[in-house]
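Welcome! Let us take a short walk through this protein, from its charged surface pairs to its nonpolar interior.

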Amino acid sequence: MSKAIETKKVQVGEIADKFKAAASVVVVDYRGLTVGQVTELRKQLREAGVEFKVYKNTLTRRATEAAGLEGINEFLTGPNAIAFSNEDVVAPAKIINEFAKKNEALEIKAGIIEGTVASVEDVKALAELPSREGLLSMLLSVLQAPVRNFALATKAVAEQKEEQGA
């Protein structure tokens with residue numbers, strides 16, 4: 001077996017491992033972006049702990065088959081870049097969606113969210129979700145509401161009793 005084939009097998013294995021380990025993956029078409037724009041996007045993604053790579057489609061297709069994610073292969077045409085996030089499910093979708101709003105040349109093609117192939121609409125819906133901190137603050141306010149209402153009701157009853165007794 002030639003050295004080139006061995007190298008490609010190793011690459012396919014590495015890409016498949018990235019697909020398996022990723023909490024979310026976003027596939028984009030970056031045609032039309034300048035080098036400066038791509039550099040800025042990479043910088044934003046890197047700051048969020050997201051890996052942004054360009055691979056040959058044939059290698060990526062073989063890797064998705066090895067990872068059991070063949071459903072995304074239909075979107076692997078033309079020049080693609082792939083954003084992998086191992087921790088934060090929302091980060092790549094949010095950053096890429098915001099960047100795509102400012103730079104129309106960037107096109108979201110598809111994604112994988114926790115092992116499930118997702119359409120463009122799914123990726124954009126994920127991007128519109130509030131951040132983890134925002135969701136936690138919403139949850140906290142929902143949990144505090146009954147206690148606050150109970151406290152207000154108790155205070156009102158106490159004031160009413162005071163007025164009747166005086």
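Glutamate 47 is a good place to begin: in this predicted model, Glutamate 47 is exposed, with a relative accessible area of 61%. Its salt-bridge partner is lysine 43, and the closest N and O atoms of the two are 3.6 Å apart. Lysine 43 is partly exposed, at a relative accessible area of 40%. Both residues belong to helix α2 (residues 35–47), where they sit four residues apart, about one turn of the helix.

**Salt bridges**

Side chains of opposite charge can pair when their charged atoms come close. The count for this model comes to six salt bridges. Three of them are set out here.

| Salt bridge | Closest N to O distance |
|---|---|
| Glutamate 47 with lysine 43 | 3.6 Å |
| Lysine 53 with glutamate 51 | 4.0 Å |
| Glutamate 128 with lysine 101 | 3.4 Å |

What about the surroundings of the second pair? Lysine 53 is partly exposed, at 33% relative accessibility, and glutamate 51 is partly exposed too, with a relative accessible area of 30%.

Now to the third pair, glutamate 128 and lysine 101. Glutamate 128 lies in helix α5 (residues 120–128) and lysine 101 in helix α4 (residues 91–102), so this pair ties together parts that are 27 residues apart in sequence. Elsewhere, Lys18, Glu51 and Lys53 are joined into one network by salt bridges that share partners.

**A nonpolar patch on the surface**

Which residues make the nonpolar surface patch of about 290 Å²? Leu136, Leu139 and Leu143 do. Leucine 143 is part of helix α6 (residues 132–165), and at 54% relative accessibility it counts as exposed.

**The nonpolar cores**

Let us now look inside. The largest nonpolar core has 25 residues, and those that touch the most other members are Val26, Val28, Leu41, Leu45, Phe52, Ile96 and Leu106. Two or more residues of this core come from each of β1 (24–29), α2, β2 (50–53), β3 (81–85), α4 and α5. Helix α4 gives the most, with six residues.

Valine 26 shows how such a residue is surrounded. Leaving aside residues up to four places away in sequence, valine 26 touches Ala81, Ile82, Ala83, Pro92, Ala93, Ile96, Ile108, Ala110, Gly111 and Val123. Apart from the largest core lies another one, of 17 residues, including Val27, Tyr55, Ala63 and Leu69.

Key. Residues numbered from 1 in each chain as written. Predicted model: local features only at pLDDT ≥ 70, side-chain atom pairs only at ≥ 80, totals over all residues. Heavy atoms only, no water. Salt bridge = Lys/Arg side-chain N within 4 Å of Asp/Glu carboxyl O. Buried < 20%, exposed > 50% of the residue type's maximum accessible area, 1.4 Å probe, protein only. Patch = residues over 30% accessible without salt bridge, like charges linked within 9 Å, V, L, I, M, F, W, Y side chains within 5 Å. Areas by Shrake-Rupley, 256 points an atom, 1.4 Å probe, with all protein chains shown as cover. Core = buried A, V, L, I, M, F, W, Y, C linked by side-chain atoms within 4.5 Å. Contact = heavy atoms within 4.5 Å.
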